[in-house]
Amino acid sequence: MELIKFDAKRCSLCGKCVEKCPFGALSFEDNGIVVGDTCRMCGMCVRQCPEKAISFEQKAGSFDKDKWKDFLIFVEQERGDIHPVAFELIGEARKMASKVNFKVKCVITGGAGTIENAHKLLDYGVDQVFAYEDESLEGFRADCYTDVVAECIAAQKPSSVLIGATALGRSLAPRLATRFHTGLTADCTTLDIKSNTDMVQIRPAFGGNIMAQISITKSRPQFATVRYRVMDAAQKVDNAKGEVVVCPVKEEMKQSPIEILKSEVIEKTKNIEDEDVLVVAGRGVRNEKDVEMCEELAKALGGQLAFTRPMIENGFGDVAHQVGLSGRTVRPKLIITCGVSGAIQFTSCMTGSECIVAINNDPEAQIFNVAHYCIVDDLYKVVPYLTELVKEQKGDE
């Protein structure tokens, strides 16, 4: 698949495109100018060519699926530990890999401790882990990480690459997809694979009103990002047989115009994605006093208060405590919704919860279609009653 086209009749071989390429991706070969793997589609060569001999052109279907096999998972590290989204990606990849006889591989990059973390991944049934450890990779620099992971992808030729939809992953994934001139599906909620190795990537679309099924059929690799807490994490396996491959970090991979002047760890409170118990206030909760009523129930249960998007827009909370497509995806053991109508933008990001209790005075509310326990009543009666009941059970005053 090629996106840069050279018109040999127009090209005068003046070399300006080669000279001006900021990534050194162009070179003179016997057959003319050749584009290397470091091309980032910046368009500098197109702008610099005095003869207008260079253009972008997508040639779909010019690849051999049989040469692209297996799953490759980018493993993010956070504060020296493996980000838990990696285990969810491994679990999902293993399910799909069994259908098409693929292997599950990982690539992990970072500073000291990266190789040690790579060995931890073997316990979860991965076949190979490619570890790039170097002090230059201690802090995330998008260009360096892209170069490192791109080299691994070019060498391994995976059919699909899975990346967590974290702040880091959302920066890295589109850069890699552009580098390999292929497609990327962001924020997937479900993944599956066909017998021809086309991955079915399902995500909410059109404001969450439909669930779109997306397939990248005419290029490889297939890139997808997946939100944390959407899928089941992989479980440890007995007699793990995978291997860790320590890869060298080339000097050119360390070069970057980005300089990290200072790095500071921000202590953060427990995210709603990590909570076992959530109470969600929806549009049916009308004012600040009512929000406090719901928060009291959350505290009594030892959880946190969360909100729907309309409540955030009305100033009752921040996006960090919002459940939904434009907020967070959650999978607590218990979630109690108070006055939530149940639009798909909300429900698609909480249906994985173990127990869903919905309180709404409208018997036709959509939330009841996904709830395990439905309470059709006035939440101003139910919530205080539940709070007192919980406090009695705990022996609180």
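How many bridges pair strand β13 with β14, and in which sense do the two strands run? Select residues 199–205 for β13 and look: the pairing with β14 is antiparallel, over five bridges. Keep in mind as you click around that this is a predicted model.

**Stop 1: the three-stranded sheet**

Stay on that pair and pick Ala205; its bridge partner in β14 is Ile210. Now widen the selection to bring in β12. The three strands make an open, antiparallel sheet in the order β12-β13-β14. β12 (190–193) and β14 (210–214) are the edge strands, each with a single partner, so one side of each has no neighbour in the sheet. On average, neighbouring strands here are turned by 25 degrees against each other, direction ignored. Next, show residues 85–100: this is helix α3, which packs on the sheet and touches β12 and β13. The direction of α3 makes about 20 degrees with that of β12.

**Stop 2: the nonpolar cores**

Leave α3 on display and switch to side chains. The largest nonpolar core holds 34 residues, and the ones with the most contacts inside it are Phe71, Ile73, Leu121, Val129, Leu162 and Leu191. Elements that each supply at least two residues of this core include β5 (71–75), β8 (104–110), α4 (114–121), β9 (128–133) and β15 (222–226). β12, from the sheet you just left, is also one of them. Which helix gives the most to this core? That would be α3, with eight residues.

Zoom in on Ile73. Beyond its neighbours within four places in sequence, Ile73 is in contact with Leu89, Ile90, Ala93, Val104, Lys105, Cys106, Val107 and Leu162. Val107 also belongs to a second, separate core of 25 residues, along with Tyr132, Val148 and Val149.

**Stop 3: Gly125**

Select Gly125, which sits in the loop between α4 and β9. Is it buried, partly exposed or exposed? Gly125 has a relative accessible area of 26%, so it counts as partly exposed. Setting aside neighbours within four places in sequence, Gly125 is in contact with Arg94 and Val237. For a distance check, pick Ser341 too: the two are 216 residues apart in sequence and 41 Å apart in space, C-alpha to C-alpha.

**Stop 4: a hairpin**

Jump to β2 (residues 26–29) and β3 (residues 32–35), antiparallel strands joined by four bridges. They form a hairpin with two residues between them. Leu26 is opposite Val35 in β3.

**Stop 5: two helix pairs**

Start with α5 (residues 142–156) and α6 (residues 167–179), whose axes come within 10 Å and cross at roughly 50 degrees. That angle makes α5 oblique to α6, and the crossing is right-handed. To see the contact, show Ala142, Tyr145, Thr146, Asp147, Val149, Ala150 and Ile153 in α5, which meet Ser171, Leu172, Arg175, Leu176 and Arg179 in α6. Val149 should look familiar from the second core.

Finish with α8 (residues 288–300) and α11 (residues 379–394), packed at about 30 degrees with their axes 9 Å apart. These two are therefore roughly parallel to each other, and α8 passes α11 in a left-handed crossing. On the α8 side, the residues to show include Met293, Cys294, Leu297 and Ala300. Across from them, the α11 residues include Leu379, Tyr380, Val383, Leu386 and Val390.

Methods. Residues numbered from 1 in each chain as written. Predicted model: local features only at pLDDT ≥ 70, side-chain atom pairs only at ≥ 80, totals over all residues. Heavy atoms only, no water. Pairing = 2+ DSSP bridges. Axes fitted to C-alpha atoms, helices over the stretch in contact; angles between N-to-C directions. Contact = heavy atoms within 4.5 Å. Core = buried A, V, L, I, M, F, W, Y, C linked by side-chain atoms within 4.5 Å. Buried < 20%, exposed > 50% of the residue type's maximum accessible area, 1.4 Å probe, protein only. Parallel < 35°, antiparallel > 145°, perpendicular 65-115°, else oblique. Left-handed = near helix turned anticlockwise from the far one by under 90°.
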